[in-house]
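Visitor: I am new to protein structures, and I would like a close look at a single part of this one. Could you walk me through it slowly?

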Amino acid sequence: TQRGRRIGLFRGIGSFSFAAGAFAGGWIVAQTSAPFVFVVAAACYLAASVLGLFLHESETRIAVPVAVEAAPPPARSTPAHALPFAFLAGVFLWTMALGANAAMWPNAMSHLGYSQQTISQLWGLAALIELPGMQGAGILSDMFGRGPLLIAGGLGMALIFTGYVLLAQW
């Protein structure tokens with residue numbers, strides 16, 4: 001019953017980490033140069049990899065009952081048969097929109113005249129807002145289910161991206 005909250009917390013921690021990187025990256029660019037950010041990122045990845053050497057997975061396994069003789073499901077021509085394809089199409093569209101946003105948002109902000117440091121700070125601020133937002137999304141998913149929350153998230157992102165076009169100039 002707490003799965004959504006836990007996922008929201010872990011995703012929120014990821015957003016907080018992203019925010020820290022965005023703020024630090026913008027500051028590093030302003031103090032040194034853009035290529036130096038990649039040197040710092042490489043050092044962070046190396047340090048994280050070294051820390052990974054100290055992690056050990058738990059040997060606990062959950063026993064899963066095995067079906068003795070499971071018959072393959074009958075082929076269906078009902079709308080439920082199209083569900084995996086609809087899911088894959090949805091994942092493709094969602095990921096494509098996210099990739100386009102992540103790749104083009106800094107360019108759009110630069111086009112509006114924002115500096116590299118300001119763009120990093122704005123992205124960091126957005127990621128900081130995600131920390132409590134993801135926890136709230138986890139609570140809502142536990143209350144209402146994952147499907148309705150996913151639909152609300154898609155509609156919300158559509159409104160945000162429309163706002164980028166219509167309101168960002170102010």
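Guide: Here is a walk from the whole protein to the place where helices α1 and α4 meet, and then on to the pockets around them.

Please keep in mind that this is a predicted model. The protein has 5 helices and 0 strands, so read from the N terminus its elements simply run α-α-α-α-α. Of its 170 residues, 12% count as buried. If you take the contacts with a separation of 6 or more, residues 24 or more positions apart account for 77% of them.

Now let us turn to our chosen part. Two packed helices are described by the angle between their axes and the distance between the axes. For α1 and α4 the angle is about 175°, and the axes are 7 Å apart. An angle over 145 degrees counts as roughly antiparallel, and therefore α1 is roughly antiparallel to α4. The residues in the contact of these two helices divide into 17 nonpolar, 14 polar and 5 charged.

To see this contact in detail, pick one residue from each helix. On the α1 side, take Ser-15, which is found in that helix. Is Ser-15 buried or exposed? Its relative accessibility is 1%, and because buried means under 20%, Ser-15 counts as buried. Setting aside neighbours within four places in sequence, Ser-15 is in contact with Ala-127, Glu-130, Leu-131 and Met-134.

One of those partners, Leu-131, is a good choice for the other side, as Leu-131 lies in helix α4. Leu-131 has a relative accessible area of 30%, so this residue is partly exposed. Looking back from Leu-131, and again leaving out neighbours within four places in sequence, you will find contacts with Gly-12, Ile-13, Ser-15 and Phe-16. The pairing of Ser-15 with Leu-131 thus turns up from either end. You can also compare sequence with space here: Leu-131 and Ser-17 are 114 residues apart in sequence, but their C-alpha atoms are 9.5 Å apart in space.

Next come the pockets. Rolling a probe the size of a water molecule over the atoms shows where empty space is left. The largest pocket holds about 1900 Å³ of space. Its lining has 50 residues, and those nearest its centre are Arg-11, Trp-94, Glu-130, Met-134 and Met-157. Two of these names, Glu-130 and Met-134, are already familiar as contacts of Ser-15. The elements that each give two or more residues to this lining are α1 (3-31), α3 (83-111), α4 (116-144) and α5 (146-167). Among them, α5 gives the most, with 15 residues. Sorted by class, the lining has 33 nonpolar, 13 polar and 4 charged residues.

The second largest pocket has about 710 Å³ of space. It is lined by 20 residues, with Gly-21, Ala-22, Gly-25, Val-37 and Ser-120 nearest its centre. Here the elements giving two or more residues are α1, α2 (34-52) and α4. The largest share, 8 residues, comes from α1. This lining divides into 15 nonpolar residues, 5 polar ones and no charged ones.

As you turn the model, you can follow α1 and α4 from their own contact to the lining of the largest pocket and then to that of the second largest pocket.

Notes: Residues are numbered from 1 along each chain as its sequence is written. This is a predicted model: local features need pLDDT of at least 70, side-chain atom pairs count only at pLDDT 80 or more; totals for chains, interfaces and linings use all residues. Side-chain values use heavy atoms; hydrogens and water are left out. On a 1 Å grid over the protein atoms alone, a cavity is a set of points where a 1.4 Å probe fits but cannot get out, and a pocket is an open set with protein on both sides within 12 Å along at least five of seven lines; lining residues have an atom within 4 Å of a point. Grid points are joined across faces, edges and corners, and a volume is the space filled by probe spheres set on the points. Helices (H or I, at least four residues) and strands (E, at least two) are DSSP runs, numbered from the N terminus. Ala, Val, Leu, Ile, Met, Phe, Trp, Tyr, Cys and Pro count as nonpolar, Asp, Glu, Lys and Arg as charged, and the others, Gly among them, as polar. Buried means under 20% relative accessible area, exposed over 50%, partly exposed in between (1.4 Å probe, protein chains only). Contact means heavy atoms within 4.5 Å. Axes are lines fitted to C-alpha atoms, for helices over the stretch in contact, and angles run from 0 to 180 degrees between N-to-C directions. Angles under 35 degrees count as roughly parallel, over 145 as roughly antiparallel, 65 to 115 as roughly perpendicular and the rest as oblique.
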